[in-house]
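This report deals with the ligand sites of one structure. Please keep the sequence and the 3D view at hand while reading.

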Amino acid sequence: MQIDTEKLKAFYADAPDDISLDNIALDRMPCHVSIIMDGNGRWAKARGLDRSEGHKAGVASLRETVTASVRLGLDVLSVYAFSTENWRRSQYEVNMLMHLFATTLVKELPLFHEHNVQLKFLGDIEKLPIETYKVFKRGLDETADHTGMIFALAVNYGGRAEITRACRRIVQEVHSGKLNPEDIDEDTISAELYTGGLPDPDLLIRTSGEMRLSNYLLWQLAYSEFYVTDTYWPDFNKWDFLRAIRAYQTRNRRFGGVENR
Ligand code: IPE
Ligand code: IPE
Ligand code: MG
């Protein structure tokens, strides 16, 4: 993806001491960064606030991360916003989140237009409340022709549900005679996932210190580099994002082979 160097320099203008244009290699950027945005509730609790305030504060971190990703020329940014297990939360919190997704997307659509960002959803969004679903559908339609970065939002997403759905779809293809079981390979499965057509994440970031996947992109993360920071999502900013990318650039990705430096 094209990088606007003037805008990138401006982006670094107020960088903290440990960050500079020199210590991020623009020729070794990850193509796809994925983030498990976690810690909103604990961020709020630490301030004596309701969990919902943490979710609202997290929106600013997401906006900053989307803009940073565009500046850095990423091809894909994907984020985990609501899992198939998050329905277990209180009705109040679930409703609040669904409403926040809808209102935020309406508000942020101009940002996607400005940066030519194409929106995608990972997960079963048809099961969302109608208000949220309609806004998501509008976001999809309005950004379908955009040719810049892809921003994939995982909502009502679960890795196991996704693989189960892919199996069902493949079996249907076999039943209808369109697909021969002998021809099923890894690409067949990848194509039937919500991420079909997207490259696998190169880097997975999880905020708030948890060392688990929580049912996120189980298939796609097979060879991704992991970066976990203790920072809660609402405190995460573009410098933390750059620190994660810098850490990624020090890794030696072997994909099961031998060291190649
Ligand atoms: C992540 O923050 C946002 C969602 C899952 C929607 P949490 O709400 O999980 O925050 P913690 O983990 O309770 O701090
Ligand atoms: C994962 O975080 C889901 C999202 C960030 C949307 P959770 O907070 O739901 O995960 P657990 O329950 O700590 O594993
Ligand atoms: Mg959490």
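The sections below cover the pocket, then ligand 1, then ligand 2.

## Model and pocket

The structure is a predicted model. Its largest pocket has a volume of about 830 Å³. The residues lining this pocket number 37, and those closest to its centre are Met 37, Asn 40, Tyr 80, Ala 81 and Phe 82. By residue class, the lining consists of 18 nonpolar, 9 polar and 10 charged residues.

Helices H2 and H3, strand S2 (76-83), helix H4 (91-114) and strand S4 (150-157) each contribute at least two residues to the lining. The most comes from H4, which provides 8 residues. Ligand 1 occupies the space of the largest pocket, and the space taken by ligand 2 is also the largest pocket.

## Ligand 1: surroundings

Twelve positions need to be located for this site: Met 37, Asp 38, Gly 39, Asn 40, Gly 41, Arg 42, Arg 51, His 55, Ala 81, Asn 86, Arg 89 and Leu 97 surround ligand 1. This shell divides into 3 nonpolar, 5 polar and 4 charged residues.

The space that ligand 1 takes is the largest pocket. Two elements give two or more residues to its shell, helix H2 (40-46) and helix H3 (51-71). H2 has the largest share, with 3 residues.

## Ligand 1: polar contacts and burial

Oxygen atoms of ligand 1 lie close to polar atoms of the protein in several places. A polar side-chain atom of Asp 38 is 2.9 Å from a ligand oxygen. At Gly 41 the partner is a polar backbone atom, 2.9 Å from an oxygen atom of ligand 1. For Arg 42, a polar side-chain atom lies 2.7 Å from an oxygen of the ligand. Ligand 1 exposes 380 Å² when taken alone, and the protein buries 87% of that area.

## Ligand 2: surroundings

Which residues are around ligand 2? They are Ile 36, Met 37, Asp 38, Tyr 80, Ala 81, Phe 82, Asn 86, Arg 89, Arg 206, Arg 212 and Ser 214. The shell is made up of 5 nonpolar, 2 polar and 4 charged residues. Strand S2 gives the most to this shell, with 3 residues.

Some residues belong to both shells. Among them, Met 37, Asp 38, Ala 81, Asn 86 and Arg 89 are found around ligand 1 and around ligand 2. Of these, Met 37 and Ala 81 are also listed with the residues closest to the centre of the largest pocket.

## Ligand 2: polar contacts and burial

What lies 2.6 Å from an oxygen atom of ligand 2? It is a polar side-chain atom of Ser 214. An N or O atom in the side chain of Arg 212 is 2.8 Å from an oxygen atom of ligand 2. Asn 86 places a polar side-chain atom 2.9 Å from an oxygen of this ligand. Taken alone, ligand 2 exposes 390 Å², of which the protein buries 78%.

Technical notes: Residues are numbered from 1 along each chain as its sequence is written. Chains are lettered from A and ligands numbered from 1 in the order in which they are written. This is a predicted model: local features need pLDDT of at least 70, side-chain atom pairs count only at pLDDT 80 or more; totals for chains, interfaces and linings use all residues. Side-chain values use heavy atoms; hydrogens and water are left out. A residue is near a molecule or strand if one of its heavy atoms lies within 4 Å of it. A polar contact is a pair of N or O atoms within 3.5 Å; within protein, one must be able to donate a hydrogen and the other to accept it, and residues adjacent in sequence count only if both atoms are side-chain atoms. Accessible areas come from the Shrake-Rupley method with a 1.4 Å probe; for residues, only the protein chains shown count as cover. On a 1 Å grid over the protein atoms alone, a cavity is a set of points where a 1.4 Å probe fits but cannot get out, and a pocket is an open set with protein on both sides within 12 Å along at least five of seven lines; lining residues have an atom within 4 Å of a point. A molecule sits in a cavity or pocket if more than half of its atoms lie within 2 Å of its grid points. Helices (H or I, at least four residues) and strands (E, at least two) are DSSP runs, numbered from the N terminus. Ala, Val, Leu, Ile, Met, Phe, Trp, Tyr, Cys and Pro count as nonpolar, Asp, Glu, Lys and Arg as charged, and the others, Gly among them, as polar. Grid points are joined across faces, edges and corners, and a volume is the space filled by probe spheres set on the points.
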